Amino acid sequence: MAAQNIGRAPDEAGDPDMSLYDIRVVVDRIEGRSVCGMAQGDSFDVTESSHLTTYGHFCLYALQAVLPLIPAKQRVLPEGDWLEQDQFVACPDPDERLIMRIERGQLRGMRSEDLT
């Protein structure tokens, strides 16, 4: 779905009026010891703005560290925005030094009236 639909009201046929990326968060590396049992490659997906699917184990503390960034990463951002370039998030456990990578997937057209 093209980004030009952002901010446009849906027409009578119910066309999308906004676009959001699907997101995958992957354990990129563990530089310490895995305290909570997560492993490199464990991941979760956020699709269609709010559907969460996990693959492997995902610690709630690591999840809470990355959750605040997901709504911003789902959106088309202005060129040069720091979030366009930054994709790594650290788990708050200092012994683990677990680094997660946020990846964008498909850009989906969505209807805001279906989400609120």
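## Finding your way around a predicted chain

Let's start with one pair: Asp45 stands opposite Thr53 in S3. Keep in mind that this is a predicted model.

**Exercise 1.** Work out which strand S3 is joined to, and how many bridges join the two.

*Solution.* Go back to Asp45, which faces Thr53 in S3. Now look up strand S2: it covers residues 43-47, and S3 covers 51-55. S2 is the partner, with five bridges joining it to S3. The two run antiparallel.

**Exercise 2.** Put the strands of the sheet in order and find its edges.

*Solution.* Five strands make up an open sheet, and the order is S3-S2-S1-S5-S4. The pairing is antiparallel. Next, pick out the edge strands: S3 (51-55) and S4 (88-90), each of which pairs on one side only. As for the twist, neighbouring strands here are turned by 20 degrees against each other on average, ignoring direction.

**Exercise 3.** Trace the chain from start to end and say what elements turn up.

*Solution.* Begin with the tally: four helices and five strands. Then read along the sequence, and you get β-β-β-α-α-α-β-β-α.

**Exercise 4.** Say how much of the chain is buried, and what its surface is like.

*Solution.* The chain has 116 residues, and 34% of them count as buried, using a cut-off of under 20% relative accessible area. On the outside, the accessible surface comes to about 6,800 Å². Carbon and sulfur atoms account for 50% of that.

**Exercise 5.** Find what share of contacts joins residues at least 24 apart.

*Solution.* Take contacts between residues at least 6 apart in sequence; 58% of these join residues at least 24 apart.

Note on methods: Residues are numbered from 1 along each chain as its sequence is written. This is a predicted model: local features need pLDDT of at least 70, side-chain atom pairs count only at pLDDT 80 or more; totals for chains, interfaces and linings use all residues. Side-chain values use heavy atoms; hydrogens and water are left out. Buried means under 20% relative accessible area, exposed over 50%, partly exposed in between (1.4 Å probe, protein chains only). Contact means heavy atoms within 4.5 Å. Accessible areas come from the Shrake-Rupley method with a 1.4 Å probe; for residues, only the protein chains shown count as cover. Two strands pair if DSSP finds at least two bridges between them. Axes are lines fitted to C-alpha atoms, for helices over the stretch in contact, and angles run from 0 to 180 degrees between N-to-C directions.
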